[in-house]
Amino acid sequence: MAHAFFLGVDTRSSEGADSHEATHVLIEKSTNSGDDDTAYRLDHIRHQSGIPSADALADHLQGLIAEQPYIGRTSLIVNRTDTFGQALVDALRDRGMDPVAATLTDSTGTAAGETDEMGVHLGGVDLVRTLAELHRNEQITLAGHTSETASRLARDVQALAEQLDEADGDIEALDTSASGPSFDPEATHLTSAALAAWLGTERSFDPSKHLKGAPRTESSRPDGA
């Protein structure tokens with residue numbers, strides 16, 4: 001059975017704050033016999049507050065994926081939209097790691113980042129779509145974790161999938177207000193999980209390979225949706 005891990009990280013900080021918050025999510029992707037049999041599973045999720053620096057978080061993440069079974073099988077993606085996220089990307093690269101630097105936008109669609117780095121511009125709506133559709137198709141398992149962060153993730157993904165059902169697949173009809181499941185700056189649990197899931201759908205099982213091809217955009221979807 002082929003399997004790989006995808007680590008998504010989202011951060012939050014206030015202007016002038018001396019400490020920061022972040023949620024990181026590890027999702028395992030596995031298959032027995034090809035892409036039609038691919039499944040995803042929440043392996044690890046943790047929310048941290050009071051993080052003193054990007055270097056401290058980078059050290060923690062480096063230590064995490066240096067352990068078995070993650071070593072040599074893990075690809076990273078970080079939301080670099082805020083300054084702390086960019087600092088984390090830089091700190092990880094300073095340690096010889098190669099995270100995908102994701103810039104989130106309010107629009108739909110996906111575009112490659114700068115040619116001299118591994119980066120991507122992602123619409124928040126597309127991240128919601130990836131996570132909700134994996135759940136609707138019963139391809140992702142979020143159960144089996146007792147932390148409040150994991151429970152909140154499972155509840156919010158379920159709510160997103162239900163909204164998607166009610167909208168008959170019209171992802172833009174989803175409620176993305178700050179009062180519900182959304183990609184507002186406080187929903188680091190959703191954003192980190194969605195980033196990990198999105199990267200898992202875009203990459204092969206070999207973490208040394210970059211994206212399977214050009215990142216998908218709305219116009220490149222087979223159904224045109």
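1. D55 and R95 form a salt bridge in this predicted model. Their closest N and O atoms are 3.3 Å apart. D55 belongs to helix 1 (residues 54-65), while R95 sits in the loop between helix 2 (83-94) and strand 5 (100-105), so the pair ties together parts that are 40 residues apart in sequence. Both ends have some access to the surface: D55 is partly exposed, with a relative accessible area of 40%, and R95 is partly exposed at 25%.

2. Next, a set of linked pairs. E28, R41 and D43 are joined into one network by salt bridges that share partners. Within this network, R41 pairs with D43, and the closest N and O atoms lie 2.9 Å apart. Are the two residues of this pair buried or exposed, or in between? R41 is partly exposed, at 33% relative accessible area. D43 has 17% relative accessibility and counts as buried. The cut-off matters here: buried means under 20% relative accessible area, so D43 at 17% falls on the buried side.

3. The pair E21 and R12 is another salt bridge. Here the closest N and O atoms are 2.5 Å apart. E21 has a relative accessibility of 23% and counts as partly exposed. R12, at 24%, is also classed as partly exposed.

4. How many salt bridges does the whole structure hold? The search finds 6. Among them are D55 with R95, R41 with D43, and E21 with R12. As background, side chains of opposite charge can pair when their charged atoms come close.

5. Now the fold. The protein chain has 5 helices and 8 strands. Along the sequence, the order is β-β-β-α-β-α-β-β-β-α-β-α-α. The chain therefore opens with three strands in a row and ends with two helices in a row. Helix 1 and helix 2, named in point 1, cover residues 54-65 and 83-94.

6. Contacts across the sequence come next. Take the contacts in the protein chain with a separation of 6 or more: 58% of them are between residues 24 or more positions apart. The D55 and R95 salt bridge links parts 40 residues apart in sequence.

7. Last, burial and surface. The protein chain has 225 residues, and buried residues make up 48% of them. D43 is one of the buried residues. The accessible surface of the chain comes to about 10500 Å². Carbon and sulfur atoms account for 44% of that surface.

Conventions
Residues numbered from 1 in each chain as written. Predicted model: local features only at pLDDT ≥ 70, side-chain atom pairs only at ≥ 80, totals over all residues. Heavy atoms only, no water. Helix = DSSP H or I, 4+ residues; strand = E, 2+ residues; numbered from the N terminus. Buried < 20%, exposed > 50% of the residue type's maximum accessible area, 1.4 Å probe, protein only. Contact = heavy atoms within 4.5 Å. Areas by Shrake-Rupley, 256 points an atom, 1.4 Å probe, with all protein chains shown as cover. Salt bridge = Lys/Arg side-chain N within 4 Å of Asp/Glu carboxyl O.
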